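User: Hi! I'm just starting out with protein structures, and I'd like a close look at one part of this one. Could you walk me through it slowly?

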Amino acid sequence: MGFFDNIMLGLDEAITGLFGQWNLYTSAIFTIFAGFLAYQIAARQDPDTHPLLLARQAQASPVRHEGESPVYRSQAAPHGMPLNTGLSVKDPGASKWARGRDGDLRDVWRQAVAGVQEDGPSKGATGRILTVLGTENVTEYPLDDITRQINLIGQHILDQGGNRVAIYLPNSVELIVTLFACAFYNMTAVILPFDQPDDAVISMLRRSAADTVVTAPGSFPFDIVVKNYPSLRQLIWVVDEGSKHMDWNEVPQGTGGSVNVSTWQDIVNDSPVDAGKDLPPIEGQKEPRDVTIFWQSKPGTAEEMVRFTSANIMSAIAALLFSVPTSQRMGPSDLFLPADSLANTHTLVLTLGALYSNASVAFNSVAVQANDLAIATRGIAPTIIVATPAALLKTHQESGGSLTSLVARNLHWLQTRSLTQNGVMPVAGLLSSYYDRFRPALGSKPGKLRLIFTAERIGAETPRLSSTVLSDLRALAGARIMYALTAPKVAGAVTQTNFYDYRAFDDECSHFGPPLTSTEIMLKDTDEHKNTDALSKGEIFVRGPCVAGSEAALNVAGVIRDDNTLAYV
Amino acid sequence: MEYVEKRVAQEAAKGAEATNSLFTPLNLMLLGLFVFTVYSFVKPQAPAALPKEEPAVVFKTFTPRTLLPFNGENNMPVYLAVRGRVFDVTRGRNFYGPGGPYANFAGRDASRGLACGSFDEEMLTKDLGGPLDTLADLGREELEALQGWEDRFSEKYLVVGKLVAEEKE
């Protein structure tokens, strides 16, 4: 035998020897191995969005000024193009291809009443408006009924000479109705944050020069306001069902002689049934009026008064609606719950956006103070909520605390892995059904919730959410989360994280994503932070059609990360 | 064939001594492969990243003298000024760079030349320290031609600075 034959024989014997060791254990290991590979291949999912789309989320301008960073814009609003100015409302009968109007608040309600206009299975569908009281008591308000209230309240305030209407109410249908009434009857709405100390209320009334207040008894210091704010001419009480029988129109002796007091219920119920069924016509309507809001920063500091034009708000609504991918847009099948105060423009703008998208909207006045999402979502099964970071943090702590067993922790790890590594929102499956018991109770029907909006408020000491916490919450709630950066002078938000961005980083506070399509941001040098060719860092400036005064400094330092998202320094 | 038969007989002879232990070399190899595969599936990966973008050009204020070096020679970018705006025309180096038909404009105020449609030296302002060309003596047609050039430049090229006259001491 030659040399080659020897090698071949050796090889033959070695292989035979090796596989001669095949026994029961080998078979077992082999089966598990094959099973694992088969599972990995079968269960493989494409990421929700292309990973490289998340790797560079904003566009930098090619030229920058000395002492400034380049201007950053959303990928969807390239440089040289106008930013998103409005909703592109198409009047009935207008050409399909014509560019629509930017619209104003009146168009939001008209759209809510008219229902879905696009052809398709849901054409003509409208949303519902609900109020949640306690756990069981869910009241639905027919849209026609709300239209009637808008007309009657608007006409009433106008007849009494109202011009600047302060709204001091918790999240409620009446708040939205008054806002629309102001829009339709050419009055300026002033939305005050609810549940404030007496002197803060008086100060806000004074600064906004309000002549009319719509409020609820028990929370509004009527006597003190009348004494300290003589310009008040008109007051409308929104009375609970329970205390309807009392005579609210009676003004206590010696106080408020000049103030015209009425109740919401009287205005609505005492009018003829047929009155106020139709909204004022589009033709010949006046220019939309401003909306004034008060931005609350830290407790104890004065609220910042900001006047938003109608155009600011429309631009913000359009941009926030656009930030959700087309296939996931709000629609008639959604139930939207603002679990944050409607006095925040972020919440208000999203709520108006939900109405415009013909989603159902639920109002729950407990929501805001409780900072507890489980309480806020009792009795209904929302699909989209706006929540405060504090409430989300509380949910995270409570649910995270229940993940104690080994199995639970591993399941959570698997879910998180799917999110952060594969970029896939975990879907219901065999494994996740066991995981369901660790999910926080958000809504009466689990699994309905699909999207959570939340926002950092600059200077307001909102607790910051790290990207790990956000990722945990995505896994636990089974919903996507969009984390926005909001500022006093900007309607809606400045920047917002991408709908499909589930990445987790080692950070204290998550990044805030790229600018919306209605804003562009730029960082200016400060004493501490300088812009260089390699790094954009400095005080955040924002420009765009949704910014009151079209440009604002945010008084906070930011940095543009490698993926062109904005983060705090 | 003969060989195969011989080997089969050989193997059959020692068939009885097959082990039944978990820790045979074959099992260990298979286990090792399994563990490695699981690890490579589970191993955390950094999120996808793109290479860093080109840094943005800093907007500068030029005087005719400081603009002069930006004529495309010695690997410099090609800039030219039109009515006080400095355009980066490096992408059009074949036209505006050294040896191109418009090379005279590189690093200079090209307003008058573009307006008059002439690429000659005398179209350029000679006194670099002097005031900028006001173009006051140009006719309507020439100004229109200049506007056309400016619009085309704004579409195609970046404005990277502005041109001002040198300050008199």
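In chain A, which strands form the open sheet, and in what order?

Analyst: Happy to! Keep in mind that this is a predicted model. The open sheet in chain A is built from eight strands, and reading across it you meet β5-β4-β14-β13-β15-β16-β17-β18. The pairing in this sheet is mixed. Now look at its two edges: β5 (137–141) and β18 (495–496) of chain A each have a single partner strand, so one side of each has no neighbour in the sheet.

Let's zoom in on the β5 edge. Strand β4 of chain A, residues 129–133, pairs with β5(A) in the antiparallel sense, and five bridges link the two. To spot this on your screen, find I129(A): standing opposite, in β5(A), is Y141(A).

Strand pairing also turns up where chain A meets chain B. There, β2(A) and strand β1 of chain B (residues 57–62) run in the parallel sense, paired over three bridges. One place to look is R64(A), which stands opposite V58(B) in β1(B).

That pair belongs to a wider picture, the contact between the chains, with 33 residues from chain A and 31 residues from chain B. On chain A's side, α1 (3–19), α2 (24–42), α3 (51–55) and β2 (63–65) each supply at least two residues. The most come from α2(A), which gives seven residues. By type, the side of chain A that touches chain B splits into 17 nonpolar, nine polar and seven charged residues.

Notes: Residues are numbered from 1 along each chain as its sequence is written. Chains are lettered from A and ligands numbered from 1 in the order in which they are written. This is a predicted model: local features need pLDDT of at least 70, side-chain atom pairs count only at pLDDT 80 or more; totals for chains, interfaces and linings use all residues. Two strands pair if DSSP finds at least two bridges between them. Helices (H or I, at least four residues) and strands (E, at least two) are DSSP runs, numbered from the N terminus. Two residues are in contact if their C-beta atoms, placed from the backbone, lie within 7 Å. Ala, Val, Leu, Ile, Met, Phe, Trp, Tyr, Cys and Pro count as nonpolar, Asp, Glu, Lys and Arg as charged, and the others, Gly among them, as polar.
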